[in-house]
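User: I am new to this structure. Please take a close look at one helix and what it packs against, then show me how a few other parts compare in setting.

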Amino acid sequence: MILNSLSLCYHNKLILAPMVRVGTLPMRLLALDYGADIVYCEELIDLKMIQCKRVVNEVLSTVDFVAPDDRVVFRTCEREHNRVVFQMGGMGAALLSDPDKIEKILSTLVKGTRRPVTCKIRILPSLEDTLSLVKRIERTGIAAIAVHGRKREERPQHPVSCEVIRAIADTLSIPVIANGGSHDHIQQYSDIEDFRQATAASSVMVARAAMWNPSIFLKEGLRPLEEVMQKYIRYAVQYDNHYTNTKYCLCQMLREQLESPQGRLLHAAQSSREICEAFGLGAFYEETTQELDAQRTKLSARTSEETGEPAEDTSGVIKMAVKFDRRAYPAHITPKMCLLEWCRREKLAQPVYETVQRPLDRLFSSIVTVAEQKYQSTLWDKSKKLAEQAAAIVCLRSQGLPEGRLGEESPSLHKRKREAPDQDPGGPRAQELAQPGELCKKPFVALGSSEESPLEGW
């Protein structure tokens, strides 16, 4: 049996299970805060990771793996050092019917990495076949095996087969991690140990019970949901989590309270700011985003000094701290359209936009020139289109001109809306990032963290 030189102990551990759209950085950090020993990220496709560029994000103090479309596929931080398990593999449970491929994948990974490799499976229709498979998996040299005690076609309402997990634990010499107990067994902290004993497993992996309230790992008992959600939101803002992912996780926590006044506010939220406001964290959002923007500006200036490149000459540029909020404008009106229309009426040359992307964090800033005067927002944006809209707002506001917001539409814009070339139909909603990962069905291959810092090895 081949053993890795570096290993993460899987004995007597409380583990956050891999879950689609849930296992992103804010939820993993929250689970660690409440007592989880190990946290799994959501399933990530290996081909997508190969295409990613590794970026040290000094603003957030994270290591990001960024896809060619600028989407952050995986983000980790020092807090997770020796705790996070990076999960990858084929989608669904198809590999269960191809044990030769399972063995080849695992053997290759074990021989090719110094990090401990683990595997997670569902049980097969017969106990004999299940035991035969896990023995074969153990011989590849993996550090541990997680077992979801349901068959491939079974859903959460089906009972988990504790006796099959127990049989696996009795058969193997490597740690067995029991999974699948949230529906029937785990409602509070003490139930985790009961489930471990019922399965004779080394450790327990918790999925839905942790998704509903991550404080399930807390020995002192569950914390109030309002407290848990506010703590989650703070992590989401601090680590620039996309609001759609934040919203999804909060909806899973609220569950039957989605029809409450707060639930309705959450459902209607279309930005991280609105999510924060729904939970009384508006001031926190403003303070944190200002701090992050200041840090970006500081690092950008430092980078220019270190590289010896002159900083951009912005003398004579009129600046304001503004952002473009698509929801504040009718569907067919944007500030760029209003500015273009005004220039046409005044017989001025059409606005000229110059946009730059900051390498440090891949954010955009735009300067618009109108009548030889330059205008710019001091806030950086996530896309070129948003940055240009913000620059147009600065110009319009400095001139005291209407910018097309709801309640101040210009009739002339209605007439020209079909021919306006600068209309931005997508707006920020079109910029929503796709959520990484799909439903984490089994099996998958996971790489555990090692002695190395994620800042060095990830």
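Analyst: What follows starts with the whole chain, turns to one helix, and then visits some other places.

This is a predicted model. The chain has 458 residues, and 54% of them count as buried. It holds 17 helices and 15 strands. Take the contacts in the chain with a separation of 6 or more. Residues 24 or more positions apart account for 72% of these.

Now the helix. Helix α13 covers residues 335-345. It is mostly covered, with nine of its eleven residues buried. The stretch begins with Pro335, Lys336 and Met337, which are among the buried residues. Cys338, Leu339 and Leu340 are buried too. So are Glu341, Trp342 and Cys343. The buried set thus includes Lys336 and Glu341, and a cut-off explains the label: a residue is called buried because its relative accessible area is under 20%. After α13 comes Lys347. The phi of Lys347 is positive, near 60°.

What does α13 pack against, and at what angle? Its partner is helix α14, residues 384-398. The angle between them is about 50°, and their axes are 8 Å apart. The two helices are therefore oblique to each other. Their crossing is left-handed. From α13, the contact uses Pro335, Lys336, Cys338 and Leu339. From α14, it uses Glu388, Gln389, Ala392, Ile393, Cys395 and Leu396. By class, the residues of this contact divide into seven nonpolar, one polar and two charged. Pro335, Lys336, Cys338 and Leu339 take part in the contact, and these four residues are also on the buried list of α13.

The loop before α14 is worth a stop. Trp380 is found there, between β14 (373-377) and α14. Is Trp380 buried or exposed? It is buried, with a relative accessible area of 19%. The cut-off for buried is under 20%. Leaving aside neighbours within four places in sequence, Trp380 touches Lys323, Val356 and Arg358, among others. Leu363, Phe364 and Ser365 are also in contact with Trp380. Asp293 is 87 residues from Trp380 in sequence, yet their C-alpha atoms are 7.6 Å apart.

One of those contacts leads to another loop. Arg358 sits between β12 (352-357) and β13 (364-370). Its relative accessibility is 4%, so Arg358 counts as buried. Arg358 and Trp380 are 22 residues apart in sequence. From C-alpha to C-alpha, the two are 8.9 Å apart in space.

A second arginine lies in a strand. Arg75 belongs to β5, residues 72-77. At 12% relative accessibility, Arg75 counts as buried. A polar atom of its side chain lies 2.9 Å from the backbone oxygen of Tyr239. Beyond its neighbours within four places in sequence, Arg75 is in contact with Leu25, Arg28, Asn57, Leu60 and Thr62, among others. Val63, Asp64, Glu80, Tyr239 and Asp240 are in contact with Arg75 as well.

Last, another helix pair. Helix α4 (residues 127-138) packs with helix α5 (residues 162-171). The angle is about 40°, and the axes are 10 Å apart. These helices are therefore oblique to each other. The crossing of α4 and α5 is right-handed. On the α4 side, the contact is made by Leu127, Thr130, Leu131, Val134 and Lys135. On the α5 side, it is made by Val164, Ala167, Ile168 and Thr171. This contact has six nonpolar, two polar and one charged residues.

Methods: Residues numbered from 1 in each chain as written. Predicted model: local features only at pLDDT ≥ 70, side-chain atom pairs only at ≥ 80, totals over all residues. Heavy atoms only, no water. Buried < 20%, exposed > 50% of the residue type's maximum accessible area, 1.4 Å probe, protein only. Axes fitted to C-alpha atoms, helices over the stretch in contact; angles between N-to-C directions. Parallel < 35°, antiparallel > 145°, perpendicular 65-115°, else oblique. Left-handed = near helix turned anticlockwise from the far one by under 90°. Contact = heavy atoms within 4.5 Å. Nonpolar A, V, L, I, M, F, W, Y, C, P; charged D, E, K, R; others polar. Polar contact = N/O pair within 3.5 Å; in protein donor to acceptor, adjacent residues only side chain to side chain.
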